[in-house]
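Hi,

I am handing over the structure we talked about, and you will find it just below. After it comes a short tour of what turned up, written for someone opening it for the first time.

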Amino acid sequence: MLKTKDILDEKNKLLRTISEEVTFPLSDKDKKTIDLMVEYLTNSQIDELAGKYNLRPGMGMAAIQLGIKKRYITIVHEVEEGVFDTYIVINPKIVSSSEEKIYVEDGEGCLSVNREVIGIVPRSARVTVEGFDIDGKKIRIRAREELAIVFQHEIDHLNGILFTDHIDSKNPFKYQNIYRSI
Ligand code: NI
(Lines give C-alpha, C1' and ligand atoms only; values in the text may rest on other atoms or scores of the structure.)
Protein backbone atom coordinates (compact mmCIF):
# COMPACT_ATOMS: atom_id res chain seq x y z
CA MET A 1 0.00 0.00 0.00
CA LEU A 2 1.25 3.49 -0.85
CA LYS A 3 1.77 5.90 1.99
CA THR A 4 1.32 9.65 1.85
CA LYS A 5 5.05 10.09 2.44
CA ASP A 6 5.80 8.11 -0.75
CA ILE A 7 4.44 11.04 -2.75
CA LEU A 8 7.08 13.60 -3.71
CA ASP A 9 6.77 17.10 -2.36
CA GLU A 10 6.85 20.09 -4.70
CA LYS A 11 10.37 20.94 -3.50
CA ASN A 12 11.65 17.76 -5.14
CA LYS A 13 13.25 18.65 -8.47
CA LEU A 14 12.11 15.40 -10.07
CA LEU A 15 8.66 16.97 -10.29
CA ARG A 16 10.18 19.47 -12.71
CA THR A 17 11.44 16.89 -15.17
CA ILE A 18 9.74 15.82 -18.37
CA SER A 19 8.62 12.22 -18.10
CA GLU A 20 9.46 9.72 -20.83
CA GLU A 21 7.14 7.86 -23.20
CA VAL A 22 6.31 4.35 -22.09
CA THR A 23 6.83 1.36 -24.37
CA PHE A 24 4.67 -1.76 -24.38
CA PRO A 25 4.31 -4.28 -22.91
CA LEU A 26 4.27 -2.55 -19.54
CA SER A 27 6.63 -4.00 -16.97
CA ASP A 28 5.12 -5.88 -14.03
CA LYS A 29 6.56 -3.16 -11.82
CA ASP A 30 4.67 -0.43 -13.66
CA LYS A 31 1.46 -2.47 -13.54
CA LYS A 32 1.92 -2.88 -9.80
CA THR A 33 2.62 0.85 -9.40
CA ILE A 34 -0.58 1.66 -11.31
CA ASP A 35 -2.57 -0.61 -8.99
CA LEU A 36 -1.07 1.12 -5.97
CA MET A 37 -1.87 4.57 -7.38
CA VAL A 38 -5.49 3.63 -8.03
CA GLU A 39 -5.78 2.07 -4.59
CA TYR A 40 -4.40 5.19 -2.90
CA LEU A 41 -6.67 7.55 -4.81
CA THR A 42 -9.75 5.43 -4.17
CA ASN A 43 -9.08 4.93 -0.46
CA SER A 44 -8.17 8.59 -0.06
CA GLN A 45 -11.69 9.57 -1.13
CA ILE A 46 -13.36 7.23 1.35
CA ASP A 47 -13.35 9.16 4.65
CA GLU A 48 -13.05 6.15 6.88
CA LEU A 49 -10.04 4.73 5.02
CA ALA A 50 -8.42 8.12 4.50
CA GLY A 51 -8.53 8.63 8.25
CA LYS A 52 -7.38 5.14 9.09
CA TYR A 53 -4.38 5.21 6.75
CA ASN A 54 -3.67 8.94 6.97
CA LEU A 55 -4.22 9.55 3.24
CA ARG A 56 -4.55 12.99 1.70
CA PRO A 57 -7.63 13.09 -0.52
CA GLY A 58 -6.74 13.19 -4.20
CA MET A 59 -8.41 12.44 -7.52
CA GLY A 60 -5.36 12.07 -9.69
CA MET A 61 -1.76 11.00 -9.63
CA ALA A 62 1.05 10.96 -12.16
CA ALA A 63 3.90 8.43 -11.97
CA ILE A 64 6.45 11.21 -11.50
CA GLN A 65 4.84 12.01 -8.15
CA LEU A 66 6.29 8.70 -7.01
CA GLY A 67 9.62 9.55 -8.62
CA ILE A 68 8.96 7.42 -11.71
CA LYS A 69 9.81 9.36 -14.87
CA LYS A 70 7.25 7.66 -17.09
CA ARG A 71 4.25 9.07 -18.87
CA TYR A 72 1.30 7.51 -17.14
CA ILE A 73 -1.48 8.88 -14.98
CA THR A 74 -4.35 7.52 -12.94
CA ILE A 75 -7.57 9.30 -12.05
CA VAL A 76 -10.29 8.12 -9.70
CA HIS A 77 -13.41 10.21 -10.10
CA GLU A 78 -16.30 9.89 -7.68
CA VAL A 79 -19.40 10.10 -9.86
CA GLU A 80 -21.83 9.59 -7.01
CA GLU A 81 -21.46 8.80 -3.31
CA GLY A 82 -19.11 5.84 -3.11
CA VAL A 83 -19.13 5.17 -6.87
CA PHE A 84 -15.82 5.73 -8.64
CA ASP A 85 -14.79 5.85 -12.28
CA THR A 86 -11.16 4.91 -12.75
CA TYR A 87 -9.00 6.14 -15.62
CA ILE A 88 -5.55 4.78 -16.36
CA VAL A 89 -3.87 6.41 -19.32
CA ILE A 90 -0.42 5.64 -20.65
CA ASN A 91 1.28 8.28 -22.82
CA PRO A 92 -1.75 10.60 -22.52
CA LYS A 93 -2.11 13.53 -24.89
CA ILE A 94 -4.68 16.28 -25.05
CA VAL A 95 -5.81 16.26 -28.68
CA SER A 96 -8.45 18.96 -28.40
CA SER A 97 -9.57 21.50 -25.81
CA SER A 98 -12.54 23.82 -25.60
CA GLU A 99 -12.15 27.55 -25.93
CA GLU A 100 -14.27 27.92 -22.84
CA LYS A 101 -12.22 28.11 -19.66
CA ILE A 102 -13.24 27.24 -16.12
CA TYR A 103 -11.57 27.09 -12.73
CA VAL A 104 -12.10 25.40 -9.39
CA GLU A 105 -13.71 27.96 -7.15
CA ASP A 106 -11.99 26.74 -3.99
CA GLY A 107 -8.65 26.48 -5.76
CA GLU A 108 -6.90 23.44 -7.15
CA GLY A 109 -5.03 21.02 -4.97
CA CYS A 110 -2.23 18.57 -5.53
CA LEU A 111 -0.93 15.65 -3.51
CA SER A 112 2.54 17.13 -3.95
CA VAL A 113 1.64 20.62 -2.75
CA ASN A 114 1.26 20.59 1.00
CA ARG A 115 0.30 24.17 1.63
CA GLU A 116 -2.57 26.52 1.10
CA VAL A 117 -2.32 28.10 -2.35
CA ILE A 118 -4.67 30.87 -3.33
CA GLY A 119 -5.51 31.85 -6.87
CA ILE A 120 -7.26 30.79 -10.00
CA VAL A 121 -5.98 28.16 -12.42
CA PRO A 122 -7.70 28.60 -15.79
CA ARG A 123 -8.41 25.28 -17.48
CA SER A 124 -10.32 24.23 -20.58
CA ALA A 125 -13.88 23.21 -19.72
CA ARG A 126 -13.68 20.20 -22.05
CA VAL A 127 -10.79 18.17 -23.35
CA THR A 128 -10.30 15.08 -25.45
CA VAL A 129 -7.46 12.88 -24.29
CA GLU A 130 -5.86 10.12 -26.31
CA GLY A 131 -3.48 7.52 -25.02
CA PHE A 132 -3.21 3.82 -24.31
CA ASP A 133 -4.63 1.44 -21.74
CA ILE A 134 -2.40 -0.93 -19.77
CA ASP A 135 -2.52 -3.47 -22.59
CA GLY A 136 -1.34 -0.92 -25.14
CA LYS A 137 -4.73 -0.49 -26.77
CA LYS A 138 -5.45 3.00 -28.02
CA ILE A 139 -8.08 4.88 -26.01
CA ARG A 140 -9.83 8.21 -26.33
CA ILE A 141 -11.60 9.95 -23.46
CA ARG A 142 -13.84 12.99 -23.60
CA ALA A 143 -13.81 14.80 -20.27
CA ARG A 144 -15.68 17.83 -19.08
CA GLU A 145 -15.83 20.04 -16.01
CA GLU A 146 -14.02 18.65 -12.94
CA LEU A 147 -12.75 15.56 -14.77
CA ALA A 148 -11.35 17.72 -17.58
CA ILE A 149 -9.46 19.79 -15.01
CA VAL A 150 -7.96 16.70 -13.43
CA PHE A 151 -6.74 15.41 -16.81
CA GLN A 152 -5.08 18.75 -17.55
CA HIS A 153 -3.52 18.83 -14.08
CA GLU A 154 -2.12 15.28 -14.34
CA ILE A 155 -0.81 15.68 -17.87
CA ASP A 156 0.92 18.88 -16.72
CA HIS A 157 2.82 16.75 -14.17
CA LEU A 158 4.29 14.70 -17.02
CA ASN A 159 5.70 17.91 -18.42
CA GLY A 160 7.15 19.13 -15.12
CA ILE A 161 4.37 21.65 -14.55
CA LEU A 162 2.56 22.20 -11.23
CA PHE A 163 -0.80 23.92 -10.89
CA THR A 164 0.84 26.73 -8.95
CA ASP A 165 2.74 27.68 -12.14
CA HIS A 166 -0.54 28.77 -13.74
CA ILE A 167 -1.38 31.28 -11.01
CA ASP A 168 -0.42 34.87 -11.57
CA SER A 169 1.25 35.64 -8.25
CA LYS A 170 0.81 39.39 -8.66
CA ASN A 171 -2.88 39.04 -9.37
CA PRO A 172 -4.04 35.54 -8.39
CA PHE A 173 -7.72 36.29 -9.00
CA LYS A 174 -7.50 38.17 -12.26
CA TYR A 175 -9.60 35.60 -14.12
CA GLN A 176 -12.32 35.50 -11.49
CA ASN A 177 -14.91 37.37 -13.51
CA ILE A 178 -13.68 36.24 -16.91
CA TYR A 179 -13.96 32.49 -16.61
CA ARG A 180 -16.64 30.27 -15.10
CA SER A 181 -16.08 28.75 -11.68
CA ILE A 182 -17.08 25.21 -10.78
NI1 NI B 1 -0.89 17.20 -8.76
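A good place to start is the open sheet of 5 strands, which has the order E1-E2-E3-E6-E7 and antiparallel pairing. At its edges are strand E1 (60-62) and strand E7 (138-144), each of which pairs on one side only. Neighbouring strands in this sheet are turned by 40° against each other on average, direction ignored. Please keep in mind that this is a predicted model.

Within that sheet, have a look at strand E2 (residues 72-80) and strand E3 (residues 83-97): they run antiparallel and are joined by 8 bridges. If you would like a residue to find your bearings, try Tyr72, which has Ile90 of E3 standing opposite.

Two helices go with these strands. Helix H1 (residues 28-44) lies across E1, E2 and E3, and runs at about 30° to E2. Helix H3 (residues 145-158) lies across E1, E2, E3, strand E6 (126-132) and E7, and its angle to E2 is about 165°.

There is also an open sheet of 3 strands, in the order E5-E4-E8, and here the pairing is mixed. Strand E5 (123-124) and strand E8 (180-181) form its edges; each has a single partner strand, so one side of each is left without a neighbour in the sheet. Strand E4 (residues 101-103) runs antiparallel to E5, with 2 bridges joining them. One residue pair to click on there is Ile102 and its bridge partner in E5, Arg123.

Enjoy exploring!

Best wishes

Note on methods
Residues are numbered from 1 along each chain as its sequence is written. This is a predicted model: local features need pLDDT of at least 70, side-chain atom pairs count only at pLDDT 80 or more; totals for chains, interfaces and linings use all residues. Side-chain values use heavy atoms; hydrogens and water are left out. Two strands pair if DSSP finds at least two bridges between them. Helices (H or I, at least four residues) and strands (E, at least two) are DSSP runs, numbered from the N terminus. Axes are lines fitted to C-alpha atoms, for helices over the stretch in contact, and angles run from 0 to 180 degrees between N-to-C directions. Contact means heavy atoms within 4.5 Å.
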